[in-house]
Amino acid sequence: MDILFKVYWFLIGACVGSFLNVCILRLPKDMSIVSPSSHCPKCKTPIKWYDNIPILSFFFLMGKCRSCREKISFRYVIVEVLCAVSFLVLFIKLGYSLAFAKFAFLFCLLIVVSFIDIDYHAIPAYLCIFGIIAGLFFAFFQSGDFLYVVVDFLRAAGVSQVQGMDGANSPFFNSVVGLLFGLGFTYLFKLFGDIFISLLLIIRKKDSIEGETESLGLGDVDFMGVVGVFLGVKAVLLVFFIAPFFAIIYSVSAVLFKKSHLIPYLPYLSAATVVVYFWGNDITRIVFGS
Ligand SMILES: [Zn+2]
C-alpha cells in the first residue's frame, strides 16, 4: 500500500508541475492562468487532454506539436519532473501533515520564481508577497493555540514574563521574526552592495556593468523574506551564503562558453533553499561544530 501512496503523490506532483508550467508561461505576461485552455504557441491549436499528460505526452509526441510539428520545449518536462520528485520526497519525509502541504507549496513557488527569473531576469512582485502571506498562514495553523502566539509576542515585547507552553517559541512567532530578518538582512546587504557598485562605476566612469547597476534586485530581497517565513532566521543566513557557490558554477561556465555574465539569481537562491531545508542542520553542525 505504501508504494501506492508514493506513486499517487508523484503523479499529483507531475500534474501540479503541469499547472506550474502554465504559471511560468503566463504570469509574467499578465495573462489568466485559467483561460484560455492550453494551446500550441505557434499554430494556436488547443491541446487535447491526451496530448497534455504530464511528462509522458512529450515523449509520445516526440517533442513536437501534433498539428504544426513545432518543437515543444523540453523544459516543460523538467518542471513536471522537478515538481513530481519534490512531492514524492516531501511526502516520504513528512507524510500526511500540514508541514507536507506547507513545503509542497514552498517548493512549487521555488520552481515558478526560478524559471520566470531565468526567462525575464525579474519576477512579478506579487509572487513573493503571496508566498509570504501563505507562509504566515501555514505557520499560524501550525502554532495550534492562538493564545500561545499572543504570549510569544507579549514576551518578546517585554510585557509578559509568562513562558511559552514548552519554553519554545510558536511557529508563527518564528515565522514573523524570520520574515523581518530575511527582508532586513538582505535589504541591508543590497544597500551596501549598491553603494559599492555606484563607487565602482564612478571610478571606472561607466553607467553600468553589462546593463546592471544593482547588486541584488528587490525580487531577491522579497525572496529572502519567503525563506525567513518558511524556514526561519538561521536558514536565511545559510541560504544567503550557500547560494553564491551555486552561482559560481554558472559563472565559470559563462566564462568558458563566453555567455553573458548577467545571472538570474533566484534559481541559485532556490537551490540553496532546498539544500538548507534538507541538510541545514547538518551544515550548521559541520561548520559550527555543535
Ligand atoms: Zn502547433
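Me: Which helix gives the largest share of the lining of the largest pocket?

Reply: In this predicted model, helix 1 does, with eight residues. Helix 1 (2-26) is joined by helix 2 (56-60) and helix 3 (75-94), each supplying at least two lining residues.

Me: What is known about the space in that pocket, and which residues are closest to its centre?

Reply: The largest pocket holds about 1,000 Å³ of space. Of its 41 lining residues, His-39, Pro-41, Ile-47, Ile-72 and Tyr-76 are the closest to the centre. By kind, the lining divides into 21 nonpolar, nine polar and 11 charged residues.

Me: Now the metal. Which atoms coordinate the zinc ion?

Reply: Four sulfurs do: the SG atoms of Cys-40, Cys-43, Cys-65 and Cys-68, at 2.2 to 2.3 Å. Along the chain, these donors follow the spacing C-x2-C-x21-C-x2-C.

Me: Why is the arrangement around the zinc ion called tetrahedral?

Reply: Four donors earn that name if all angles lie between 85 and 135 degrees. Here the angles are 106 to 114 degrees, so the arrangement is tetrahedral. For reference, the ideal angle for four tetrahedral donors is 109.5 degrees.

Me: How do you know whether Cys-40 is buried or exposed?

Reply: Buried means under 20% relative accessible area. Cys-40 has 5%, so Cys-40 is buried.

Me: And what makes Cys-43 partly exposed?

Reply: Partly exposed covers the range between the buried limit of 20% and the exposed limit of 50%. Cys-43 has 28% relative accessibility, so Cys-43 counts as partly exposed.

Note on methods. Residues are numbered from 1 along each chain as its sequence is written. This is a predicted model: local features need pLDDT of at least 70, side-chain atom pairs count only at pLDDT 80 or more; totals for chains, interfaces and linings use all residues. Side-chain values use heavy atoms; hydrogens and water are left out. Donors are N, O and S atoms within 2.8 Å of the metal (3.2 Å for Na, K and Ca); water is not among the atoms, so sites may look incomplete. Four donors count as tetrahedral if all angles lie between 85 and 135 degrees; four count as square planar and six as octahedral if opposite donors are over 155 degrees apart and all others between 65 and 115; anything else is irregular. Buried means under 20% relative accessible area, exposed over 50%, partly exposed in between (1.4 Å probe, protein chains only). On a 1 Å grid over the protein atoms alone, a cavity is a set of points where a 1.4 Å probe fits but cannot get out, and a pocket is an open set with protein on both sides within 12 Å along at least five of seven lines; lining residues have an atom within 4 Å of a point. Grid points are joined across faces, edges and corners, and a volume is the space filled by probe spheres set on the points. Helices (H or I, at least four residues) and strands (E, at least two) are DSSP runs, numbered from the N terminus. Ala, Val, Leu, Ile, Met, Phe, Trp, Tyr, Cys and Pro count as nonpolar, Asp, Glu, Lys and Arg as charged, and the others, Gly among them, as polar.
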